[in-house]
Every structure is written in structure tokens, then in C-alpha cells.
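Welcome! Here are some exercises to work through at your own pace, each followed by a solution in steps.

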Amino acid sequence: MQRAWYAADAKTFAAADPLAVLGALNAASPFPDEPTQKAAWQVEIAQLQPLAAALPDAHFFLEFSIPRMGRRADAIITIGGLIFVLEYKVGGRDFPRHAIEQAHGYALDLKNFHVTSHDKAIVPLLIATEAPPQQLGLGFWAPDRVHAPIRVNPHDVLPTIRQMLATGDAPAFDATAWAAGEYRPTPSIIEAAEALYRGHDVTEISRSEAGAENLTRTAAAIEAVVERMKAQGGKAVCFVTGVPGAGKTLAGLNIACGRLASEVGEDATFLSGNGPLVDVLCEALRRDARLRKAESKGRDLEARYLAERSPDKFVQNVHRFRDQYLDAAQIPSEHVVVFDEAQRAWNRDQTADFMRKKRGQAGFDMSEPAFLLSVMDRRPDWCVVVCLIGEGQEINRGEAGVAEWMRALQGDLRHWQVHLPPHLLDEGALDAGLRWHLVQRMAAPDPALHLAVSVRSFRAETVSAHVAALLGNDVAAAHASRPTIDFPLLRTRDLAAARLWLRQRRRAGERAGVLASSNALRLKPEGIYVKAQVDVCNWFLNATEDVRSSNALEDAATEFDVQGLELDWTCVAWDLNLRRNPDWEAREFRGTRWQAIHATGDGLGRANYVRNAYRVLLTRARQGMVIFVPRGDAGDATRPPAEYDAIDAWLAECGIAELA
């Protein structure tokens, strides 16, 4: 792809006709001529050409693509082993926080996702063209060699670059080869939903490494089933499994949005029983649509087309979808339906109890999977149901797991084709009877339907394996899968130190937050009260200065708030609802004391919910995590120090270093 709309070495750029440069930018732009944009380019060209004359060894790139953010940096200058990212605020007199974070974000995006920038030193410059002269001086270099944003007026730019060059020792590099380097973004699920909704494809916003290749194969396998059902008629269900953070939700969003694209024009939807995920994604899409509308002024035709669709149609709460089709005469408009976190669909008892008490449906006697499949079976032509299965992530009572979907496919739904990954036929995944029935009627198992590599963390793909070993009492496996130094994983007994660590690590548009189990009730003396419900939209989306934001580090989110979503940096607070005795023991706090969850009746399931809650919390971070274990209080029988010490000792035994 063309990385920049205009690129030239300094001597060529300095000697170029400004109108020719402006013409090149206009020709490369997909938007109609805008007087304000043209005026801004003229100001930038007039200021950058003297810089080029003064820096003959430099290379200049104008309107350089930053794909993950869906934006372009105004200019990039490479010289003397350094990369300067210039963001102009034409007419600006000051340096607002959002502009500083934007410039910083461009630099971080290059560092993390542009392959040839991984080993480079990067300096973001924010230039307010009407600002007074700024006090110059060296700022802060982060460990990854991304400098803190430097605020300058136009006259400060050349002295700043020279000052940085004088103190730098990075080796020079070929600017053209650097610009052509592969771009391998790993967006958060919120960023991915925004990009897909704008019309991007999953291959544009995912890395081309093992994880994204796996993701692309899975998407292709499902698309093949969809096209076959569309051509031949019939009904099919595809089960997609994966480790935490492997991209199941991303694959599902890509499928649903792809069928909504203008050239396809089908009705499709992404359904989830995860209320916080649906709320956050829909609100993020609304905010992004408003922002894009304000910025584009109607120039982006694809964005306008997608903006006409409702985010509430693209992403829906599965319970609202279910209620919409209680009338058996209602035929769904959708041909393709994606059920996210399908393992959390309710079993028959839970569904019947809810429908009787909350919906007045006294005779309702079906599990949620059985009813949802029966709804889609009403279509007279064809349909495909995609079930995204997060294994080991059931965190609440009544969640039926994958077996309930298999049972639902018996009886009146035997005409449905079944596609699943091979390991779902292994002994232990399903009972022998279900496996026998499946083998009689299904297509050959497809390995492409399992996502085995986590892509949530672009810094360490072994986090999910490390967490599995830590919660599975396997010290050797925990050490073998311990994340590298690129993904800091630490433990502390001091919550204030954990918060300080998060504030020091979080940069630009990154998100940080405090997490705790929903039954971690004895964290209250530490100032973490899990019963104080957070507004997830404000928590995940609002700016740092908003006290409701996750970045404020005031409100702790629980596993129910964050499942399916992620943060860059997390502090996971550990309470005694999962303690060492001598192995892991799950408990719940009732009244004034802890009570063991006994492995009788449904007790085993409830015990697993507690462990899975910590599995969810420990796999939310993309860049780094600190685990806070309180010291306890010898005077409080509900917070014995020895029990907290045992947890901390186990974390240390698994190779998690202490926060200095």
C-alpha cells in the first residue's frame, strides 16, 4: 500500500514547487477538495520546506498512514536514526490534552505495530502554529524508546530536532525501506468493531503472524459454509472455539459486518448475552460515528453508508433477540447470526425460570440454545448460525456450555449441518451419546474452527497459557509459559504502588483499570468495593480526567463487566474467595464469614465459576499486569494474613516477580 501521500528526500522536497506538492496531496486524497484542508496543507508545506533545506540528510513523508487508528500523521521526518512524528494544529494557540495524546498515539502505534519501527527511537512533536515560543529541553524517554510528546511552535521545531540529534546515538537507516515495512496491528475489540463498522476487513486490522493467520483461516472456513448454504439452501451451525483473547469476537464481528456490506446486502447480526460488551460496543460505534461525521463533513461515502445502519442492529443483546421472536409466527430477517460466548447461553431450567418470572411465559420449556436455533429454523430458505465458544469461561449459574447446543440439535433439528473443531469430539468435551450422534451427521471436523493463539496481547501470546498453569497448580508449566519482559507481570502487597505503576505505564489513548472478582467482598477495607456497580460505557470509553473512567483507577470492574473486553494495563486484586488450602479452594462470603463451596450437587460448577472468574480477570491485559494481594489484618477473622501470604507465595513460586 502507499504509506504516505507524498514522500521525498529532503533535497528533493526543499526544491519542489509548493503547488506541485499540494497537487500530489490532493491527487492522493480520496476526498473532494476542502478549502480548510488545502489551507492547512499550504501552511504545513511552507513550514516544512525550510526544515528540509536545513536538514539535507532527512527524508520527509506527508500524510503518513496510521491504519489501526484510522488516521494519518501530518508529517514524519526520519533523520540520524530518529523518527519524528509531526502533528500540526493549524491556528492553534495551546496544546490540549486530546491533541497531545493523538500525537503520542501515532508514535506508539508505529512502535507497536509497524514492523520496521519496533527497534527505532520515535519522537512525537505537537506543533501549534500560533502558540508562543516554548521552553526547550529534553523530555522523558520510555523504556521502548518512544519519547514523551514535545510541544512546540513552528520556530521551535528545527532547534528541537537538532537538540535530539545531538544527544542521540541511534544508527541511521534507509527511510524508504523503513516506510515500506509491514504493518501488523492488534486492535482492541472496541477499535476492531469501529474499524469493521467503517468497512475495513479483518485482514486490514490484524497481524499477519500466527494468530492472525489462524483468525483469517477461521473466517474463510465460515464464509465457505455461508456461501454453500446460500447457493444450495439449508441450515448449518458452526462452532468456533479458542483460547482467551484468540479473536473469537473479532472473527464474529467480521462475519456479521461483512454480510452487511453494501455489495452483499444481507441481514446479519452479532448477538451476545454479555450485556456490558453489547452496551460498550454500541456506545463506542455511536461515538465514533458522531466523531467521523464531524471530521469528514460528508466526504467519506462508505462511512456514510454504514452510519445509516443502526449499531443496535449490528450488535444486539441475545435476550432482546429472543424476546422479539417469542411469537412463533415471527420469521427472523437475518440469514447469518453470530452468537458470541455461546457457552454462556442458559440451560432449560434457568431459561424456563426466567421466562416464567420475568416474561410471563408459564409454559416455556426450552433451553436458550434450543429456542434460538428453533427461531432460525423458521427461515424457509437458508441460514447459518455461528457459535463462538470461550472454553473455561462459564462464570455464572445456569450457563450450559457447548453440550447444551449439541443436545438442542437433536430431535426436530436433525436436518442442520454441523461444523466444529476436532477437539470437541474428544472424550471429556461431550458425553459419549452426544459424540455418537454428531459423528453420524456432521461434516469432517475442521481444525480451522479452533483459534489456538491469543492475539489480545501483542506483547506476549503466552499469557493465557501462563494463567491456565497458575490456576491449574502446574508450577513447571507456569514457568515455561511465563511472559517475556515485553509483557510486565508483577505482584505487590501495596495497592497504592500498583496504581502508581499503572499511571506510569499508561500512555496516550491506552486504557488501564483495577479489576476484582464479583465476590471479592473483603477487599472493601482496601478501598475496593465490588458491589458498587460501574457504568461500563463511561468506564471503558471516557477520557482519563473523568473520574468514572477506568483510567481514574477509582472503580473496580468485575468479571461480568470485562468479559469479552480488554485493557492495556490492569491491576487484578485477589481476595480470599479463591485461596490456597493447600491447592485452590473456592469460597463465597455470606453475612459475616467465608463459606466453602462444596463439590456436591451443583457445587462443582459454582467452584469452577470462581476459578473462571479469575481466569477472565487475569487475561484482560494487552500490555502488562500487576496482581495485588492484600496483607490482611490479624484482628479481622475474615482477612487472616496467613491466607493472603499463601496466595502471594504461590504467585512467586509460579515465577511472578515482586513490584519494586
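Which residues of H7 are buried? Before solving this, note that the model is predicted, that local features need pLDDT of at least 70 and side-chain atom pairs pLDDT 80 or more, and that totals for chains, interfaces and linings use all residues. Residues are numbered from 1 along each chain as its sequence is written, and side-chain values use heavy atoms, with hydrogens and water left out.

**Exercise 1. Find the covered part of H7.**

Step 1: Locate helix H7 at residues 189-198. Helices (H or I, at least four residues) and strands (E, at least two) are DSSP runs, numbered from the N terminus.

Step 2: Apply the cut-offs: buried means under 20% relative accessible area, exposed over 50%, and partly exposed in between (1.4 Å probe, protein chains only).

Step 3: Read off the buried residues of H7, which are Ile189, Ile190, Ala192, Ala193, Glu194, Ala195, Leu196, Tyr197 and Arg198. That is nine of its 10 residues, and the helix is mostly covered.

**Exercise 2. Describe how H2 and H3 pack.**

Step 1: Two packed helices are described by the angle between their axes and the distance between the axes. Axes are lines fitted to C-alpha atoms, for helices over the stretch in contact, and angles run from 0 to 180 degrees between N-to-C directions.

Step 2: For H2 (residues 18-28) and H3 (residues 35-54), the angle is about 130° and the axes are 10 Å apart.

Step 3: The two helices are therefore oblique to each other. Angles under 35 degrees count as roughly parallel, over 145 as roughly antiparallel, 65 to 115 as roughly perpendicular and the rest as oblique.

Step 4: List the residues in contact (heavy atoms within 4.5 Å). Pro18, Val21, Leu22, Leu25 and Asn26 come from H2, and they meet Lys38, Trp41, Gln42, Ile45 and Gln49 of H3.

**Exercise 3. Place serine 272 and glycine 92.**

Step 1: Serine 272 sits in strand E8 (residues 268-272). Serine 272 has a relative accessible area of 0%, so it is buried.

Step 2: Apart from neighbours within four places in sequence, serine 272 is in contact with Leu277, Val278, Gln316, Asn317, Val318 and Asp340.

Step 3: Glycine 92 lies in the loop between strand E4 (82-89) and helix H4 (97-113). Glycine 92 is also buried, at 16%.

Step 4: Residues up to four places away in sequence aside, glycine 92 touches Ala128, Thr129, Glu130 and Ala131. The C-alpha atoms of glycine 92 and alanine 128 are 4.7 Å apart, although 36 residues separate the two along the chain.

**Exercise 4. Explore the salt bridges.**

Step 1: Side chains of opposite charge can pair when their charged atoms come close. A salt bridge is a side-chain nitrogen of Lys or Arg within 4 Å of a carboxyl oxygen of Asp or Glu. The whole structure has 30 of them.

Step 2: Take aspartate 648 and arginine 493, whose closest N and O atoms are 3.7 Å apart. This pair links distant parts of the chain, 155 residues apart: aspartate 648 is in helix H24 (residues 641-653), and arginine 493 is in the loop between strand E14 (489-492) and helix H20 (495-505). Aspartate 648 is buried at 11%, and arginine 493 is buried at 12%.

Step 3: Now try aspartate 583 and arginine 580, with closest N and O atoms 3.9 Å apart. Aspartate 583 is partly exposed at 42%, whereas arginine 580 is buried at 13%.

Step 4: Finish with a network of salt bridges, which links Arg97, Glu101, Arg506 and Glu545.
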